[in-house]
Structures are given as C-alpha cells and as structure tokens.
Amino acid sequence: MGSRMITTHGYARKLQKSVVIAHPVDVVVGVVSNVSEFPRFLPFCYQSAVVEDSIKSDQHMEIFDCVLGFRHMNVEERIKHRVSVDKSSRRVQARANDSVHFHSIQYDWTFDQIEDNISKASLDLHLDMKS
C-alpha cells in the first residue's frame, strides 16, 4: 500500500493528529496494528475483526483485511479495510473503498521514538464522503 493521495469524488476531508505517548514506540505500534484494539482508540469504532484467510506476512510487512463497525448518531456501517503494517518503517496504513457513505477512507499512522519510553504517534486521515 503506497502513500498516494486518494481520488476525490465527493466531499473530501483530511484530518491530522499527533500525540505524545508515555510508552516505547514498539508498544504503540503494536496497539495500533492490533485490529482488536481499534474500538479502544478509533472514534466511533464499535467492532473489529480480521478476515483470517487474508493474512500475508514476512519479516518486514504484514497485510490483512479486516471489517470495522462504525456507529455515530443514527448512522451505522460495517466497512472492509485492507491494512498494511510496515515493521521496518513503523507505519500502519488502512484503506477502505467499499462503503455506503464514503468513496474511500484512508488511515496513515507513523510513529517516532522521542526518548526511551516516550513516543509520538501521528495520524493522517483522508475521508472522501459521498454527496
């Protein structure tokens, strides 16, 4: 999964957020790449599951599909995502292209070690909503 911009078909939004976390970078990457943890920190996500037969990995990269359930106010949807975890560059990306409400959704997480037990997690979130 490359770092290309998504194509805009509807109402596009890009959100960026960075936080400093009092944990080693490998711990933070592990939480973000563990899909079962998504409902703990991903806004409006209430459900997550890996599609077991989609997992491909080697020592540097892991790629898998997952289904995430989102709920906000009276809107609810389960969306299939392709997730890639680049272990060597400490990057986690997820992309969805099949949604009732969005043309595409792309999450791009990057992680930096600031000190021994202090890390920075940054998220670029691209949303292309249907009109």
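## A seven-strand sheet with a pocket

In β3, the residue that bridges to valine 51 is aspartate 65. That pair belongs to β2 and β3, which run antiparallel and share eight bridges. Here a strand is a DSSP run of E with at least two residues, a helix is a run of H or I with at least four, and both are numbered from the N terminus. Two strands count as paired if DSSP finds at least two bridges between them.

Before going on, a word on the model: it is predicted, so local features need pLDDT of at least 70 and side-chain atom pairs count only at pLDDT 80 or more, while totals for chains, interfaces and linings use all residues. Residues are numbered from 1 along each chain as its sequence is written, and side-chain values use heavy atoms, with hydrogens and water left out.

Now step back to the whole sheet. It is open, has seven strands with antiparallel pairing, and reads β1-β7-β6-β5-β4-β3-β2 across. β1 and β2 (45-57) are the edge strands; each has a single partner, so one side of each has no neighbour in the sheet. From one strand to the next, the twist averages 20°. As for what holds such strands together, strands of a sheet pair through backbone hydrogen bonds, either parallel or antiparallel.

Helix α1 packs on this sheet and touches β1, β5, β6 and β7; contact means heavy atoms within 4.5 Å. The direction of α1 makes about 165° with that of β6. For such angles, axes are lines fitted to C-alpha atoms (for helices, over the stretch in contact), and the angle between N-to-C directions runs from 0 to 180 degrees. Valine 27 sits in α1. Its C-alpha is 9.3 Å from that of serine 119, although the two are 92 residues apart in sequence.

Next, the empty spaces. A 1 Å grid is laid over the protein atoms alone: a cavity is a set of points where a 1.4 Å probe fits but cannot get out, a pocket is an open set with protein on both sides within 12 Å along at least five of seven lines, and lining residues have an atom within 4 Å of a point. The largest pocket holds about 890 Å³ of space. It is lined by 33 residues, and the closest to its centre are Leu42, Pro43, Phe44, Phe70 and Leu125. Among the elements that each supply at least two lining residues are α1 (25-32), β3 (61-72) and β7 (118-129).

The structure has one cavity of 30 Å³ or more, and the largest cavity has a volume of about 40 Å³. Its lining is Phe38, Phe41, Leu42, Val92, Ala94, Tyr107 and Trp109. So Leu42 turns up in this lining as well as among the residues closest to the pocket centre. By class, the cavity lining is seven nonpolar, no polar and no charged, whereas the pocket lining has 23 nonpolar, six polar and four charged residues.

Finally, two loop residues with an unusual backbone angle. Most residues other than glycine have a negative phi. Here are two with a positive one:

| Residue | Loop | Phi |
|---|---|---|
| Phenylalanine 44 | between α2 and β2 | about 70° |
| Arginine 90 | between β4 and β5 | near 55° |

How accessible are they? Phenylalanine 44 counts as partly exposed because its relative accessibility is 47%, and arginine 90 does too, at 30%.

Key:
Points joined across faces, edges and corners; volume = space filled by probe spheres on them. Nonpolar A, V, L, I, M, F, W, Y, C, P; charged D, E, K, R; others polar. Buried < 20%, exposed > 50% of the residue type's maximum accessible area, 1.4 Å probe, protein only.
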